[in-house]
Amino acid sequence: MNVLQVYGPGAKLRGEVVVPGDKSISHRAVILGALAEGATTVSGFLTAEDCVKTARACQQMGVAIEGLGGTDLLIDGVGLRGLGPPDKPLDLGNSATGMRLLMGVVAGQDFTATLTGDESLQRRPMDRIAEPLGKMGVEVVGQGQRCTAPVTVFGGIPQPITYHSPVASAQVKSAVLLAGLNAPGTTMVIEPAKSRDHTERMLAAFGAQVDVQGLQVSVQGQPNLRGREMVVPGDFSSAAFFLVAGLLVPDSEVTVRGVLLNPTRTALIEILQRMGADIQVSNEREVSGEPMGDITACHTHLTATEVDGDEIPRMLDEVPILALAATQAEGRTVIRDAGELRVKESDRLGTTTEILSAFGAQIEQRPDGLIIDGSTSLHAATVDSHHDHRIAMTAAVAGLIAEDRTIVQESECIRTSFPDFVDCLRDIGADIYAE
Ligand code: S3P
């Protein structure tokens, strides 16, 4: 068991951080590189467990990938239906994105494959993928009512469908679109709210015919995907911990360089600005069809806000760190419509409430959200990550503003998305140590 020790308050945070490559884009770059004809190079690939598992699964299905273990990959694409049957179950570790996207991929292959993962992933619902794939004529067999892993996907030729997704989930949308690549005709997904749109951007970049009209996304089946160069921007969801740390720790100024600025991901910036945060975006540019730039956050006194509706899918993974920011904001912050957080790596409404309460925060959970009253002085705590990387990193940032020594137990989960988190935080002045 890895443990983090964090000492606060006192040390101000100053300097520049480069966060590792975006997790969502890294998964997709490997998958589309595998399904394209010819070579794809990926630079800035996230060398963290989740994305490495997806790449290994592609290797197990016959895709040659050079450079795994580093940030620059060379993928020898096998073509849309060119994957081969794996000799054993595909192990996606902790990654629901890897599992759900690959379920969509296997749906269009000429073989049957079983996908599995760690204890946490085996608890996560896969019926949300099995259901649309079933409508496409692809059988999926999983465990129990929610079709949990191990799941077996009986690949074939999926039929094109128009799918009204009950959840604003990029994983669901992407699984259906990826299955639709091998369907004869147009596959459409209609979402209740806009989720992250990396799959549709990247499919178009690889040469697929993609049409986006508001909440509707469609792809023409059986396209010619051509290998290409992909550059992965820094992960906004990883940057979020440094931005909030910069806002909360007195006398701090933190700049995160080269971060993804896709508007389907960056609602946290708008929310924090609404709370009065001194947070600025600069040097905006585009790489591989995605906007990126630098973000600077300076210590500010915050005021409470309300977050709900369409904003939630655009800041889904940032709810725990926003909740921490809200503990330092004057007034009552209310987060609603966030029931999806209950089926993440942990039940994040429950685990966020548990860890922040341990620090002395005034926070209550509701069935679909959180209520936080601020501002509260936090005291040090010993907390458990519940094997959830975003909970562990939120607790570490809380430790920076809490009186005395904080201990974050089971912190090894951080390596699923941000292996160098502790070093990056120490580089800008934090008093944090991993054991
Ligand atoms: C992701 C989509 C989101 C997000 C996850 C990554 C993706 O999940 O929480 O961390 O890369 O598609 P949902 O699709 O379940 O909302």
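Domain bounds here come from an automatic or database domain assignment. In the predicted model, that assignment divides the protein chain into domain 1, made of residues 3-21 + 233-434, and domain 2, made of residues 23-231. The C-alpha centres of domain 1 and domain 2 are separated by 28 Å. To the contact between them, domain 1 contributes 29 residues and domain 2 contributes 29 residues.

The area buried between domain 1 and domain 2 is about 2400 Å², with 47% of it on carbon and sulfur atoms. On the side of domain 1, S288, E345 and T416 account for 23% of the area buried against domain 2, a share that exceeds that of any other three residues. Polar contacts between domain 1 and domain 2 comprise 14 residue pairs, both members having pLDDT 80 or more. Two elements, β17 (290-298) and α11 (389-401), give two or more residues to the side of domain 1 that touches domain 2. By residue class, this side of domain 1 consists of 10 nonpolar, eight polar and 11 charged residues.

Charge pairing was examined next. Side chains of opposite charge can pair when their charged atoms come close. The count of salt bridges in the model comes to 30, and five salt bridges are found across the interface of domain 1 and domain 2. R124 and E345 form a salt bridge in which the closest N and O atoms are 3.7 Å apart. This distance counts because the criterion places a side-chain nitrogen of Lys or Arg within 4 Å of a carboxyl oxygen of Asp or Glu. E345 is also one of the three residues named above for their share of the area that domain 1 buries against domain 2. A further salt bridge joins the side chains of E49 and R415, with an N to O distance of 2.7 Å. This pair links distant parts of the chain, E49 lying in helix α2 (residues 49-60) and R415 in the loop between β24 (404-409) and α12 (421-427), 366 residues apart.

The ligand is surrounded by S24, R28, T97, R100, S169, A170, Q171, R196, L316, D317 and K344. Polar atoms approach the ligand from both side chains and backbone, as the following distances show. An N or O atom in the side chain of S169 lies 2.7 Å from an oxygen atom of the ligand. For A170, a polar backbone atom is placed 3.0 Å from a ligand oxygen atom. In the case of D317, the distance from an N or O atom of the side chain to an oxygen atom of the ligand is 2.7 Å.

Backbone geometry was also considered. The peptide bond joining G8 and P9 is cis, with omega about -15°, and P9 belongs to the loop between β1 (3-8) and β2 (14-18). A cis peptide bond also runs from G374 to S375, where omega is near 0°; S375 is located in the loop between β22 (369-374) and β23 (382-384). D337 is not a glycine, yet it has a positive phi of about 60°. The loop that holds D337 is the one between β20 (329-335) and α10 (348-358).

Key: Residues numbered from 1 in each chain as written. Predicted model: local features only at pLDDT ≥ 70, side-chain atom pairs only at ≥ 80, totals over all residues. Heavy atoms only, no water. Contact = heavy atoms within 4.5 Å. Buried area = accessible area lost by both parts, 1.4 Å probe. Polar contact = N/O pair within 3.5 Å; in protein donor to acceptor, adjacent residues only side chain to side chain. Helix = DSSP H or I, 4+ residues; strand = E, 2+ residues; numbered from the N terminus. Nonpolar A, V, L, I, M, F, W, Y, C, P; charged D, E, K, R; others polar. Near = heavy atom within 4 Å.
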